[in-house]
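User: Could you take a close look at one part of this model for me? I'd like to hear how the strands pair up, and then how a pair of helices packs.

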Amino acid sequence: MLTRKQRDLLAFIHKRVQRDGVPPSFDEMKDALDLRSKSGIHRLITALEERGFIRRLAHRARAIEITRLPDDLAAASGFVPRVIEGDRPQSTPPTARPVQVDASDVPVMGRIAAGVPIEAISEVSHHVAVPGQMLDRGGDHYALEVKGDSMIDAGINDGDVVVIREQSSADNGEIVVALVDGHEATLKRYRRQKGMIALEAANPAYETRVLREDQVRIQGRLVGLIRSY
């Protein structure tokens, strides 16, 4: 299920593409959703991309592929996915790609907080089948059930299962599992600057936590999400 802001943005992009043949600029998106800064639009775009509603095309200005719409919006508009390149529409929809059906069993290690950190849980409770395309080759993976709503603007809801690649380092902007002070685990976006670590929520109701490097240990990076309806 999309949040209201995510749904409003997706509908606005689709409407403009249908009308003009090109997606709106970030400034136009910001004004349409009455947001104060473009950073909020970046978060919403990332959430829509992570949830499979859009795809950004590298090295092309304002190039977005709308891959799907919620059923009611799709039915109302007769939606067919297509790619928008810069200032001109592509005349025919892209050829459908085959869907991979291979899956691997990944251990579910317990719950992870997307909110106030909770005690870390490191015992396997059960296994979950994860599509092979979510997993990085050569890496070890595990899964965690999300508790809380601090990452909701990144498309991560309470009760979702996140798939994590085990690793001890991360790049700025990646969503990670962070162990705080050796005993509290949390799911947040990672930023490192001048010897300090910022763990950023994707929900304006939560403050960013800024900690010393020795207080934070990275235990993995988000690579996928599984949701049950």
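Analyst: Here's a walk through the strand pairings, followed by the helix contact. Keep in mind that this is a predicted model.

Let's start with strand β11 (residues 184-193) and strand β12 (residues 196-200), which pair in the antiparallel sense over five bridges. One pair to click on is Arg 191, whose bridge partner in β12 is Ala 198. The hairpin of β11 and β12 has two residues between the strands, and Lys 194 takes a positive phi near 55° there.

β12 also pairs with strand β13 (residues 209-212): these two run antiparallel and are joined by four bridges. Here Ile 197 stands opposite Leu 211 in β13.

Next, strand β8 (residues 141-147), where five of the seven residues are buried, so call it mostly covered. β8 pairs with strand β9 (residues 161-165), again in the antiparallel sense, over five bridges. Within this pairing, Leu 144 has Val 162 of β9 as its bridge partner.

Now the helices. Helix α1 (residues 4-20) packs with helix α3 (residues 38-50) at an angle of about 85°, and their axes are 10 Å apart. Because angles of 65 to 115 degrees count as roughly perpendicular, that makes α1 roughly perpendicular to α3. On the α1 side, the contact is made by Lys 5, Gln 6, Leu 9, Leu 10 and Ile 13. α3 brings in Ile 41, Leu 44, Ile 45, Ala 47 and Leu 48. Sort the residues of this contact by character and you get eight nonpolar, one polar and one charged.

Methods. Residues are numbered from 1 along each chain as its sequence is written. This is a predicted model: local features need pLDDT of at least 70, side-chain atom pairs count only at pLDDT 80 or more; totals for chains, interfaces and linings use all residues. Side-chain values use heavy atoms; hydrogens and water are left out. Axes are lines fitted to C-alpha atoms, for helices over the stretch in contact, and angles run from 0 to 180 degrees between N-to-C directions. Angles under 35 degrees count as roughly parallel, over 145 as roughly antiparallel, 65 to 115 as roughly perpendicular and the rest as oblique. Contact means heavy atoms within 4.5 Å. Ala, Val, Leu, Ile, Met, Phe, Trp, Tyr, Cys and Pro count as nonpolar, Asp, Glu, Lys and Arg as charged, and the others, Gly among them, as polar. Buried means under 20% relative accessible area, exposed over 50%, partly exposed in between (1.4 Å probe, protein chains only). Two strands pair if DSSP finds at least two bridges between them.
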